[in-house]
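Reader: I should be grateful for a close look at one part of this protein, namely the packing of its helices against one another. Please connect the individual residues to the elements that hold them.

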Amino acid sequence: MRSVPGSPLDRLLTAFLIVGPVTYLLADVLYALRGWDDPTAAVVHVLGAVAYAFTLLRVVTWTEGVQAAILLVVSVLGVAGNVAYGFNTIHVSLGDTDLVDATGAAVLIKPLGLFFPLALLLAAVALRRDRPVWVVATLAVAAVVWPVAHIANIAWLAVLVNVALIVAFRALAVPAGRHELLPQDAAGRGGVH
């Protein structure tokens, strides 16, 4: 899937390389300051997770074939899980059952939630050939540390992971916004569009 350079879709998806990570950083800062059951943080969490759908879709537009299809499916599942965790926090803040601790159908939230960091890791893999090594490495490390920070509720680490993601995705937004052609483009193999 490709977006036409300079089109409204192209600009929108590029903007979400910043919007998604920044919104999610705000959610984790609120969690760090107010606690992991804060309803305001949870609302921002849901909005940040939804924004990340577009962030990851931007990366999908830079890939092709089976890799693009896998990244798209894993990203959708991951965003669904991430949104579910945000709504779970809203429910907990209202005194409802915490799905993370529940059994039966509630266990669905756990594997779905793990698809989100997997999507970040697959995004790093997808970008490994035509993006700076430090950007790919930052995305990969953030993907691995994400579940550690969020499952163990380590607020400072969650904030740090989000800062790293902002730095990495911002670096991806700059060339995308400028529509620079990479060597692969000149060879006709695809790249930044």
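Author: What follows treats the whole chain briefly, then the helix pairs in turn, and then single residues.

The model is a predicted one. Its average pLDDT is 90, and 90% of the residues reach at least 70. One stretch calls for caution: over residues 176–193 the pLDDT stays under 50, although the model shows 37 contacts beyond four places in sequence for this stretch. The protein has 7 helices and 0 strands, so that its elements, read from the N terminus, run α-α-α-α-α-α-α. Of the 193 residues, 47% are buried. Among the contacts between residues at least 6 apart in sequence, 73% join residues at least 24 apart.

The pair of H2 and H3 comes first in this account. Helix H2 spans residues 39–61, and its axis comes within 8 Å of that of H3, with a crossing of roughly 175 degrees. Because an angle over 145 degrees counts as roughly antiparallel, H2 is roughly antiparallel to H3. Their contact comprises 20 nonpolar and 6 polar residues, with no charged residues.

Val-92 belongs to helix H3. With a relative accessible area of 26%, Val-92 is partly exposed, because that class lies between the limits of 20% and 50%. Its C-alpha atom is 10.0 Å from that of Ala-42, a residue 50 places away in sequence. Beyond its neighbours within four places in sequence, Val-92 is in contact with Asp-37, Thr-97 and Asp-98.

The next pair is H3 with H4. Helix H3 covers residues 65–93 and helix H4 residues 109–127; they pack at about 140 degrees, and their axes lie 6 Å apart. This angle makes H3 oblique to H4, because only an angle over 145 degrees would count as roughly antiparallel. The crossing of H3 and H4 is left-handed. By class, the residues in this contact are 17 nonpolar, 7 polar and 1 charged.

Two residues show this pairing from either side. Val-74 lies in helix H3 and has a relative accessibility of 8%, which means that Val-74 counts as buried. Apart from neighbours within four places in sequence, Val-74 touches Phe-115, Leu-118, Ala-119 and Leu-122. For Leu-122, which stands 48 residues from Val-74 along the chain, the separation of the two C-alpha atoms is 8.4 Å. Gly-113, in turn, is placed in helix H4. Its relative accessibility is 15%, so Gly-113 is also classed as buried. Leaving aside neighbours within four places in sequence, Gly-113 is in contact with Gly-81 and Tyr-85. The C-alpha atoms of Gly-113 and Val-83 are 8.5 Å from each other, with their positions 30 residues apart along the chain.

H4 also packs against H5. The angle between H4 and H5 is about 170 degrees, and their axes are 8 Å apart. H4 is therefore roughly antiparallel to H5. On the H4 side, the contact is made by Leu-114, Phe-116, Pro-117, Leu-120, Leu-121, Ala-124 and Leu-127. On the H5 side, the residues are Val-136, Leu-139, Ala-140, Ala-143, Trp-146, Pro-147 and Ile-151. This contact has 14 nonpolar residues, no polar residues and no charged residues.

Helix H5 itself runs over residues 133–151 and contains His-150. At a relative accessibility of 17%, His-150 counts as buried, because the limit for that class is under 20%. Not counting residues up to four places away in sequence, His-150 touches Tyr-24, Asp-28, Trp-36, Ala-158 and Asn-162.

Beyond H5, the loop that leads to helix H6 (155–178) holds Asn-153. Most residues other than glycine have a negative phi. Asn-153, however, has a positive phi of about 55 degrees although it is not a glycine. At 41% relative accessibility, Asn-153 is classed as partly exposed.

Methods. Residues numbered from 1 in each chain as written. Predicted model: local features only at pLDDT ≥ 70, side-chain atom pairs only at ≥ 80, totals over all residues. Heavy atoms only, no water. Helix = DSSP H or I, 4+ residues; strand = E, 2+ residues; numbered from the N terminus. Buried < 20%, exposed > 50% of the residue type's maximum accessible area, 1.4 Å probe, protein only. Contact = heavy atoms within 4.5 Å. Axes fitted to C-alpha atoms, helices over the stretch in contact; angles between N-to-C directions. Parallel < 35°, antiparallel > 145°, perpendicular 65-115°, else oblique. Left-handed = near helix turned anticlockwise from the far one by under 90°. Nonpolar A, V, L, I, M, F, W, Y, C, P; charged D, E, K, R; others polar. pLDDT = per-residue confidence, 0-100.
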